[in-house]
Amino acid sequence: MVRAAGCVLWRGARTGVEIALVHRPKWLDWSHPKGQLHDGEPAATAAVREVREETGMTCALGARLPTAHYRVTTGWKTVDYWLAEALSGTFTPSAEIDRVTWLPPARAHLLLTHPRDRALLATALHLLH
């Protein structure tokens with residue numbers, strides 16, 4: 001089983017909140033920042049690290065979100081998620097993540113590729129309001 005962690009990353013905006021989505025060119029999809037745990041790494045530590053690596057942002061973890069379980073080519077993947085507020089940072093494109101976009105929640109919902117990510121966003125937004 002592959003273990004990963006990630007966040008629904010948000011920031012305050014004049015019109016409410018904006019959600020960060022990352023584009024992964026390998027999979028041609030838009031998702032929440034996430035990635036695999038290093039050996040012995042706690043999931044919360046991995047979530048913060050992955051946000052930093054994929055978006056360039058430091059963040060403060062908030063509420064725990066539902067864990068996702070889904071099939072990948074090597075078996076099953078489990079991803080622990082948190083709600084996280086972006087604090088500061090600058091995005092630098094990489095081979096893994098070539099774009100980050102900040103969107104109002106309704107537009108983020110439409111852009112997310114996978115239904116499980118849209119459901120996660122809905123849960124996160126409920127906690128933010």
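This is a short tour of the structure above, stop by stop, with a selection to make at each one. Keep in mind that you are looking at a predicted model.

**Stop 1: the whole chain**

Start with everything shown as a cartoon. You should find 3 helices and 7 strands, and if you trace them from the N terminus the order reads β-β-β-β-α-β-β-β-α-α. The radius of gyration is 13 Å, close to the 14 Å that the globule rule gives for 129 residues, so the protein is as compact as a globular protein of that length. If you draw a box along the principal axes, the C-alpha atoms fill roughly 40 × 30 × 30 Å.

Now colour by accessibility: 47% of the 129 residues count as buried. A contact map is worth a glance too. Among contacts between residues at least 6 apart in sequence, 67% join residues at least 24 apart.

**Stop 2: strand E2 and its partners**

Select residues 16-24, which make up strand E2. How many of its 9 residues are buried? The count is 8, so to speak a mostly covered strand.

Next, bring in the neighbours of E2 one at a time:

- Add residues 2-13, strand E1, which runs antiparallel to E2 and is joined to it by 4 bridges. A hairpin of 2 residues links E1 to E2. To see the pairing in register, pick Gly12 and look across to Val17 in E2.
- Add residues 99-103, strand E7, which pairs with E2 in the antiparallel sense over 5 bridges. Here His23 and Arg99 in E7 stand opposite each other.
- Add residues 29-31, strand E3, another antiparallel partner of E2, with 3 bridges between them. The pair to click on is Arg24 and Asp29 in E3.

While the strands are on screen, show their side chains as sticks. In a regular strand the side chains alternate between the two faces of the sheet.

**Stop 3: the turn at Leu28**

Stay with E2 and E3, and zoom in on the hairpin they form, with 4 residues between the two strands. Select Leu28, which lies in the loop between E2 and E3. What is notable about its phi? The angle is near 50°, a positive value in a residue other than glycine. Switch on the surface and you can see that Leu28 is exposed, with a relative accessible area of 67%.

**Stop 4: two cysteines without a bond**

Select Cys7 and Cys59 and show their side chains. Why is there no bond between these two cysteines? The sulfur of Cys7 is 4.7 Å from the one in Cys59, its closest cysteine sulfur, and that is too far for a bond. A disulfide would need the two sulfur atoms within 2.5 Å. Seen from the other end, Cys59 is in no disulfide either, with the sulfur of Cys7 as its nearest cysteine sulfur. The count for the model comes to 0 disulfides.

Both side chains are worth viewing with the surface on. Cys7 is buried, at a relative accessible area of 0%, and Cys59 is buried as well, at 11%.

**Stop 5: helix H3**

Move on to residues 115-128, helix H3, whose 14 residues reach 20 Å from the first C-alpha to the last, close to the 20 Å expected at 1.5 Å a residue. Highlight Asp117, Leu120, Leu121, Ala124 and Leu125, which are buried. Then turn the view so that you look down the axis of H3: the buried residues fall within an arc of 135°, so they line one face of the helix. On the other side of H3, pick out Pro115 and His126, which are exposed.

What covers the buried residues of H3? The cover includes strands E1, E2 and E3, strand E5 (57-72), strand E6 (75-89) and helix H2 (105-111).

**Stop 6: Leu127**

For the last selection, stay in helix H3 and choose Leu127. This residue is partly exposed, with a relative accessible area of 45%. Leaving aside residues up to four places away in sequence, Leu127 touches Ala63, Arg64, Leu65 and Leu83. Finish by drawing a distance between the C-alpha atoms of Leu127 and Ala63: these residues are 64 apart along the chain, yet the two atoms are separated by 7.8 Å.

Note on methods. Residues numbered from 1 in each chain as written. Predicted model: local features only at pLDDT ≥ 70, side-chain atom pairs only at ≥ 80, totals over all residues. Heavy atoms only, no water. Buried < 20%, exposed > 50% of the residue type's maximum accessible area, 1.4 Å probe, protein only. Pairing = 2+ DSSP bridges. Expected span 1.5 Å × (residues − 1). Arc of directions from axis to C-beta. Contact = heavy atoms within 4.5 Å. Rg over C-alpha atoms; globule rule 2.2 N^0.38 Å.
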